[in-house]
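This briefing goes through a single chain by topic, beginning with strands and moving on to helices and aromatic rings. Please read it alongside the sequence and the structure shown here.

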Amino acid sequence: MSRYVAAIDQGTTSTRCILFDRQGTIVSVGQKEHEQIYPKPGWVEHNPDEIWKNTLEVIALARIKASVTATDIAAIGITNQRETTVVWNRRTGKAYHNALVWQDTRTGALVSRYEKEGGIDRFRATTGLPLATYFSGLKLKWLLENVEGLRDDAEKGDALFGNMDTFTIWNLTGGPKGGIHVTDVTNASRTQLMNLRSLQWDEGMLKAFDIPKAMLPEIKSSSEVYGHVSSEVLPGVPIAGALGDQHAALVGQACFEAGMAKNTYGTGCFLVMNTGNELQLSEKGLITTIAYKFGDQPVQYALEGSIAIAGALVQWVRDNLGLIQKSSDIEQLAKTVEDNGGAYFVPAFSGLYAPYWRNDARGVIAGLTRYVNKGHIARAVLEATAYQTLDVVNAMEQDSGIELASLRVDGGMVANQMLMQFQADMLGTQVVAPAVAETTALGAAYAAGLAVGYWSDLEDLRKNWAVAQTWKPNMDEARRDELYKGWQKAITKSFDWEE
């Protein structure tokens, strides 16, 4: 009997392979960072070849650390940075261009053009998504219009499109020698090309964006056997689960009932609420998306609030300003002051995502006086993530009619005690972190394990979820309102910056 399930987590800054046992406990981890490429302001790229090489390396690392062979692995689940768009040649496996990362804003002119023709919400009824630089469909259109020879190859069926889940599965299952070209419903729902009701590529969207259907992967459920690994790293192991990273975190947090929500604090911040098999179109600036679909079971929908910049702001303070040496130093610096000193940091580096959807916004620091020092700036940096989360929670409660009883949290920033306490204070509700912090990879492992019977049902997964820490609100309402009022004023100062 196989002892473990493997998860490949292809993230924005690194790729990891994590082995889990039946209790959802981490057995071993292999991790490798990849280069962040910034050719122009607002442009963000990754090298797909580098990521594929790193994927093979991290699988080998995780195997070696745990001294396991392919027979010890029941299945592999894939989770990935969503919306990051790559196009490659079916015959050679070579990418036509670097991958366009979800944060990339080069499609701003395309967004404006479509918006002028029919408004920001013209495709929302079909796709659940507003027009934004965020989603893959317009990134793919940009590549088709700007990479020489690509459209001809796409029309012939020689050029393949995918997000990083599709690229990884295709390479693992043989690449040019018979690689399987698939995606799952969660990743497909982030392209702005899939119909949320039929769960298939929408002919109207393909026509609107002028995208050849021949280049698109087949849409599958999030939990089924797609194919088997052909590479020597884990020969013959079934690839049996795929979920975009935030959907995977929802599964890893065992949010299987309508009304349950989780927030992942990573490069960006992503708050997702399970709304069950009811499709709810947002009226408050949220995204309607797929939560997950396990095999033949009914699809589960979700509302999501996406925040572009969270942990990335801490990295910016470290790398661009040099105020700290490592990301974890931000908490100590912030602790040197009692409050934010009246300063607010709105990190609209690539516009604002939910619930504002302002492509014209850019980052601002507001409320500066001679009194403000680097400690106050550090505090404003951390508080920005909590305020943005509160914006999304308020929108989510209004859309769903459900008041949040508690918020399940995960991601790298959960280690920051000051941020988590401030988050509980601003929400006025408890914030709960699980015992296994790697919920994104765990969710992908769960999807794969369910498909091959390693775990028998959702109850098995619920039993694995345990609380590591709870933060309870400890701020009076008047102070909370005063701070939030300052934030709401600051955020308007970021609007209308880009023409």
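## A covered strand and its partners

In β14, burial extends to both faces, since Cys269, Leu271, Met273 and Thr275 on one side are all buried, as are Phe270, Val272, Asn274 and Gly276 on the other. The model is a predicted one, and the points below are grouped by topic.

**Strand β14 and its neighbours**

- Strand β14 spans residues 269-276 and is mostly covered, with eight of its eight residues buried.
- Strand β13 (residues 261-265) is joined to β14 by five bridges, the two strands running antiparallel, and Ala261 stands opposite Met273 in β14.
- Between β13 and β14 there are three residues, and the two strands form a hairpin.
- β14 also pairs with strand β16 (residues 300-307), in the antiparallel sense and over seven bridges; here Gly276 has Tyr301 in β16 as its bridge partner.

**The six-stranded sheet**

- An open sheet is formed by six strands in the order β3-β2-β1-β5-β12-β11, and the pairing within this sheet is mixed.
- Its edge strands, each of which pairs on one side only, are β3 (26-33) and β11 (223-228), while the twist from one strand to the next averages 25°.
- At the β11 edge, three bridges connect β11 with strand β12 (residues 238-244), and these two strands run antiparallel; Ser223 has Gly241 in β12 as its bridge partner.
- Helix α1 (residues 48-66) lies across β1 (4-10), β2 (14-20) and β3, and runs at about 150° to β3.

**Helix α16 and the helices packed against it**

- Helix α16 covers residues 477-492 and includes Ala478, which counts as exposed because its relative accessibility is 55%, over the 50% cut-off.
- The C-alpha atom of Ala478 is separated by 50 Å from that of Ile219, a residue 259 positions away along the chain.
- Helix α13 (residues 417-427) packs with α16 at an angle of about 100°, the axes being 9 Å apart, which makes α13 roughly perpendicular to α16.
- In this contact, Phe422, Asp425 and Met426 of α13 meet Arg480, Leu483 and Tyr484 of α16, and the residues divide into four nonpolar, no polar and two charged.
- Helix α12 (residues 374-400) packs with α16 at an angle of about 90°, with 11 Å between the axes, and the two helices are therefore roughly perpendicular to each other.
- On the α12 side of this contact are Ala384, Tyr387, Gln388, Leu390, Asp391 and Asn394, which meet Leu483, Tyr484, Trp487 and Ile491 in α16; the residues divide into seven nonpolar, two polar and one charged.
- Leu483 and Tyr484 of α16 thus take part in the contact with α13 and also in the contact with α12.

**Aromatic pairs**

- The structure holds 24 aromatic pairs, among them Tyr353 and Trp357, whose rings are stacked at 5.5 Å centre to centre with 15° between the planes.
- Another pair, Tyr454 and Trp455, is edge-to-face, at 4.7 Å centre to centre and with 90° between the planes.
- Tyr353 and Trp357 are both buried, and Tyr454 and Trp455 are buried as well.
- Ring pairs link Tyr353 and Trp357 with Trp102, Tyr134, Phe135 and Phe270 into a cluster, and Phe270 is one of the buried residues of β14.

Definitions and conventions. Residues numbered from 1 in each chain as written. Predicted model: local features only at pLDDT ≥ 70, side-chain atom pairs only at ≥ 80, totals over all residues. Heavy atoms only, no water. Pairing = 2+ DSSP bridges. Helix = DSSP H or I, 4+ residues; strand = E, 2+ residues; numbered from the N terminus. Axes fitted to C-alpha atoms, helices over the stretch in contact; angles between N-to-C directions. Contact = heavy atoms within 4.5 Å. Buried < 20%, exposed > 50% of the residue type's maximum accessible area, 1.4 Å probe, protein only. Parallel < 35°, antiparallel > 145°, perpendicular 65-115°, else oblique. Nonpolar A, V, L, I, M, F, W, Y, C, P; charged D, E, K, R; others polar. Phe/Tyr/Trp six-rings, centres within 6.5 Å; stacked < 30°, edge-to-face > 60°.
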